[in-house]
Amino acid sequence: AKMRNMGEACTAANRFYVHEKVQDEFSKKLTAKMAALKMGNGLDDGVALGPLVNAEGRDKVVELVDDAVKKGAKILIGGHKGKSKGNWFEPTVLVNVDHSMAVMREESFGPIIGLMAARDDEDAVRLMNDTAYGLAASLYTGSVRNAIRVSREIRAGVVTVNCFGEGDAT
């Protein structure tokens with residue numbers, strides 16, 4: 001949902017709102033998944049991530065992370081340019097984020113995830129709808145009733161339930 005094409009897709013998941021009761025467990029599992037992603041030449045076996053498309057894109061990602069950290073965000077993983085020459089940026093997970101941070105207000109077009117706790121469904125919907133960008137949204141729930149109710153409240157062009165509906169790249 002996020003790391004496909006290094007996050008450089010208009011439907012890439014940028015902001016994650018997770019119920020506060022499961023945020024710690026979710027962030028640990030997400031961070032482990034991000035750590036397991038291999039960066040390198042896309043023609044090499046096992047490589048999942050390549051460089052960003054250009055220096056401007058990489059610099060924008062650096063600015064977003066720097067802004068968030070200055071305003072109190074904590075980096076769980078990543079947060080730096082890659083060690084290789086070029087437009088590399090490590091997969092990054094940020095917590096302690098809020099909507100005062102550009103990373104939570106803008107599309108990053110890079111490998112950054114802002115992870116924010118929500119008190120309940122209503123809080124999550126309020127946070128999700130507090131954006132100028134509403135192309136795609138996904139929600140995950142074990143309740144069909146909840147899925148229908150909440151999906152109707154989300155202002156987005158496409159809302160998927162228990163999946164990320166971007167389709168398969170060919």
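These legends accompany several close-up views of a predicted model.

**Figure 1. The whole protein chain, with its 4 helices and 8 strands.** Let us start with the overall picture. Reading from the N terminus, the elements follow the order β-α-β-β-α-β-β-β-α-β-α-β. Along the principal axes, the C-alpha atoms fill a box of roughly 50 × 40 × 30 Å. A compact globule of 170 residues would have a radius of gyration near 15 Å, and the 16 Å of the protein chain agrees with that. Of the 170 residues, 44% are buried. Among contacts with a separation of 6 or more, 58% join residues 24 or more positions apart.

**Figure 2. Helix α1 and its buried face.** This helix covers residues 23–35, and its 13 residues reach 18 Å from the first C-alpha to the last, close to the 18 Å expected. Which residues of α1 are buried? They are Gln23, Ser27, Leu30, Thr31 and Met34. Looking down the axis of α1, you find these buried residues within an arc of 100°, so they line one face of the helix. Here is a handy rule to remember: an α-helix has 3.6 residues a turn, so residues three or four places apart point the same way. The cover over the buried residues of α1 includes β1, β4, β5 and β6. On the face turned away from the buried side, look for the exposed residues Lys28, Lys29 and Lys33.

**Figure 3. Leu94, a buried residue in strand β5.** Leu94 has a relative accessibility of 0%, so it counts as buried. Its contacts beyond four places in sequence include Ala68, Ile75, Val103, Ile113 and Leu115. Leu94 and Ala73 are 21 residues apart in sequence, but their C-alpha atoms are 6.2 Å apart in space.

**Figure 4. Arg15, a buried residue with no salt bridge.** Arg15 is found in strand β1, which spans residues 15–19. How far away is the nearest side chain of opposite charge? That side chain belongs to Glu107, and it is 6.3 Å from Arg15. A salt bridge needs a nitrogen and an oxygen within 4 Å, so a gap of 6.3 Å is not enough for this pair. Beyond four places in sequence, Arg15 touches Val103, Met104, Glu106, Gly114, Thr131 and Tyr133.

**Figure 5. Salt bridges, of which the structure holds 10.** Side chains of opposite charge can pair when their charged atoms come close. In one example, Asp130 meets Arg105 at 3.2 Å, N to O. This pair links distant parts of the chain, with Asp130 in the loop between α3 and β7 and Arg105 in the loop between β5 and β6, 25 residues apart. Another salt bridge, also listed at 3.2 Å, joins Arg149 and Glu122. Here helix α4 holds Arg149 and helix α3 holds Glu122, and the two residues are 27 apart. Arg149 and Glu122 also belong to a network of salt bridges with Asp121 and Glu153. Asp59 and Arg58 form a further salt bridge, at 2.9 Å. Asp59 is partly exposed, at 31%, whereas Arg58 counts as buried, at 12%.

**Figure 6. Asn96 and Phe109, with positive phi values.** Where does Asn96 lie? Asn96 sits in the loop between β5 and β6, and Phe109 lies in the loop between β5 and β6 as well. Phi is near 60° for Asn96 and about 50° for Phe109. Neither Asn96 nor Phe109 is a glycine. With a relative accessible area of 35%, Phe109 is partly exposed.

Notes:
Residues numbered from 1 in each chain as written. Predicted model: local features only at pLDDT ≥ 70, side-chain atom pairs only at ≥ 80, totals over all residues. Heavy atoms only, no water. Buried < 20%, exposed > 50% of the residue type's maximum accessible area, 1.4 Å probe, protein only. Lys, Arg positive; Asp, Glu negative; His and termini not counted. Contact = heavy atoms within 4.5 Å. Expected span 1.5 Å × (residues − 1). Arc of directions from axis to C-beta. Rg over C-alpha atoms; globule rule 2.2 N^0.38 Å.
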